[in-house]
Every structure is written in structure tokens, then in C-alpha cells.
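Thank you all for coming; please have the sequence and the coordinates open while I talk. I will go through one chain, element by element and then residue by residue.

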Amino acid sequence: MSKNKRRGSDFERQVVEAFKSYGLECARVFGSGAYKKNLGEAFAGDVKLEGKIIECKPSKTKHKQIMSYFEQDNADIVAIKLDRHEPVFIMKKELLAELFLAKRENKNDVEPKRYSAWQSD
């Protein structure tokens, strides 16, 4: 196994253990998405968190700019947007776990509607 593959697998395990420690249902996906084309959507992504797909992307340097945005004003969520794409919201694991736990406890569990106010530029 290559160094990068091992680092990616280690990070996936860390993600799973972090969310399991909150009592959330979380597991690695067999083959980290490599078998999605042949075996279907059940094999998409690297990790499944309460049925949602997580792509794990460890990096020594690529994400430094994003991390600096969190440090700016001690932000809870960072919103990023590329031209012609919808915004992406990035949050720390504690907040994400809190949101999943709150959703689980919500008796009137209603799936949110997709909001399409952001159009591609």
C-alpha cells in the first residue's frame, strides 16, 4: 500500500472513530468508492455518516487557506464558492455531530427542501 493510500485510509478511520464517539452511525465504505461504478451507489464515498456520504481528503498543505478562514473571527462554518458552482459549507466535526444528533432527536423529522437560490454564474 502506498504512503498516500495508507494516510488516506488512516484518516478515514479517524473520521469514523470521531463520529462514533458521539454515538453516531458511521462506517468506512468498502474500497473507498473505487467499486461504485461496478457495485452501485452503496459503495460511493469514503465514509458513511448516518447515511450521508463523506469524501475524506487529507493534506499537509492544500487546506491551509481553508483552516485560516476558521481562525478568522473563530468561525463555526466556512462558506466557499467557485464560479459556476453552488456554495459549499465546511464545518468542524463537533458542529456536524451536534447537527446530526439534533436531527436524530427531532420528532418532526422533515427532510429539508433543496434551496436553489444560488444559480450557477
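Let me begin with a question: how far does helix α1 reach from its first C-alpha to its last, and what span would be expected at 1.5 Å a residue? Before I answer, please keep in mind that what we have here is a predicted model. Helix α1 takes in residues 3-20, which is 18 residues, and it reaches 26 Å, close to the 26 Å expected.

To place that helix in the whole chain, the secondary structure comes to 4 helices and 5 strands, and from the N terminus on these elements run α-β-α-β-β-α-β-β-α. Of the 121 residues, 20% count as buried, and the chain exposes about 9,600 Å², of which carbon and sulfur atoms supply 53%. If we take the contacts in the chain with a separation of 6 or more, residues 24 or more positions apart account for 39% of them.

Now back to α1, and to the side of it that is covered. The buried residues in this helix are Gly 8, Ser 9, Glu 12, Val 15, Val 16, Ala 18 and Phe 19. What do they pack against? Their partners are the strands β1 (26-28), β2 (47-49) and β3 (52-54), together with helix α4 (93-105).

Glu 12 deserves a separate word, since a carboxylate in that list may catch your eye. Glu 12 has a relative accessibility of 5%, so it counts as buried, and its side chain meets that of Arg 28 in a salt bridge, at 2.9 Å from N to O. This pair links distant parts of the chain, with Glu 12 in helix α1 and Arg 28 in strand β1, 16 residues apart. Arg 28, for its part, counts as partly exposed because its relative accessibility is 34%.

The count of salt bridges comes to 6, and I will mention two others. The side chains of Lys 36 and Glu 41 meet at 3.7 Å, N to O; here Lys 36 is partly exposed at 37% relative accessibility, whereas Glu 41 is exposed, with a relative accessible area of 53%. Lys 57 forms a salt bridge with Glu 55, with the closest N and O atoms 3.4 Å apart; Lys 57 counts as exposed at 52%, and Glu 55 as partly exposed at 45%.

Staying with α1, Phe 11 also has its place in this helix, but at 28% relative accessibility it counts as partly exposed. Which residues does Phe 11 contact, once its neighbours within four places in sequence are left aside? The contacts are with Cys 56, Lys 57 and Pro 58. Phe 11 and Pro 58 are 47 residues apart in sequence, while their C-alpha atoms are 6.7 Å apart in space.

That brings us to the cysteines. A search of the whole structure finds 0 disulfides. Cys 26 is in none, and the nearest cysteine sulfur to its own, that of Cys 56, is 8.2 Å away; since a disulfide would need the two sulfur atoms within 2.5 Å, the pair does not qualify. Both residues are covered, Cys 26 being buried at 4% relative accessibility and Cys 56 being buried at 8%.

On the outside, Phe 30, Tyr 35 and Leu 39 make a nonpolar surface patch of about 320 Å². Leu 39 has its place in helix α2, residues 36-39, and is partly exposed, with a relative accessible area of 48%.

Last, the backbone. Why might one pause at a positive phi? Most residues other than glycine have a negative phi, so a positive value departs from what most of them show. Glu 50, in the loop between β2 and β3, has a phi near 50°, and this residue is partly exposed, with a relative accessible area of 26%. Arg 84, which lies in the loop between β4 (77-80) and β5 (88-91), has a positive phi of about 65° although it is not a glycine, and at 57% relative accessibility it counts as exposed.

Note on methods:
Residues are numbered from 1 along each chain as its sequence is written. This is a predicted model: local features need pLDDT of at least 70, side-chain atom pairs count only at pLDDT 80 or more; totals for chains, interfaces and linings use all residues. Side-chain values use heavy atoms; hydrogens and water are left out. Helices (H or I, at least four residues) and strands (E, at least two) are DSSP runs, numbered from the N terminus. The expected span of a helix is 1.5 Å times one less than its number of residues. Buried means under 20% relative accessible area, exposed over 50%, partly exposed in between (1.4 Å probe, protein chains only). Contact means heavy atoms within 4.5 Å. Patches are made of residues with over 30% relative accessible area and no salt bridge: like charges are joined within 9 Å, nonpolar side chains (Val, Leu, Ile, Met, Phe, Trp, Tyr) within 5 Å. Accessible areas come from the Shrake-Rupley method with a 1.4 Å probe; for residues, only the protein chains shown count as cover. A salt bridge is a side-chain nitrogen of Lys or Arg within 4 Å of a carboxyl oxygen of Asp or Glu.
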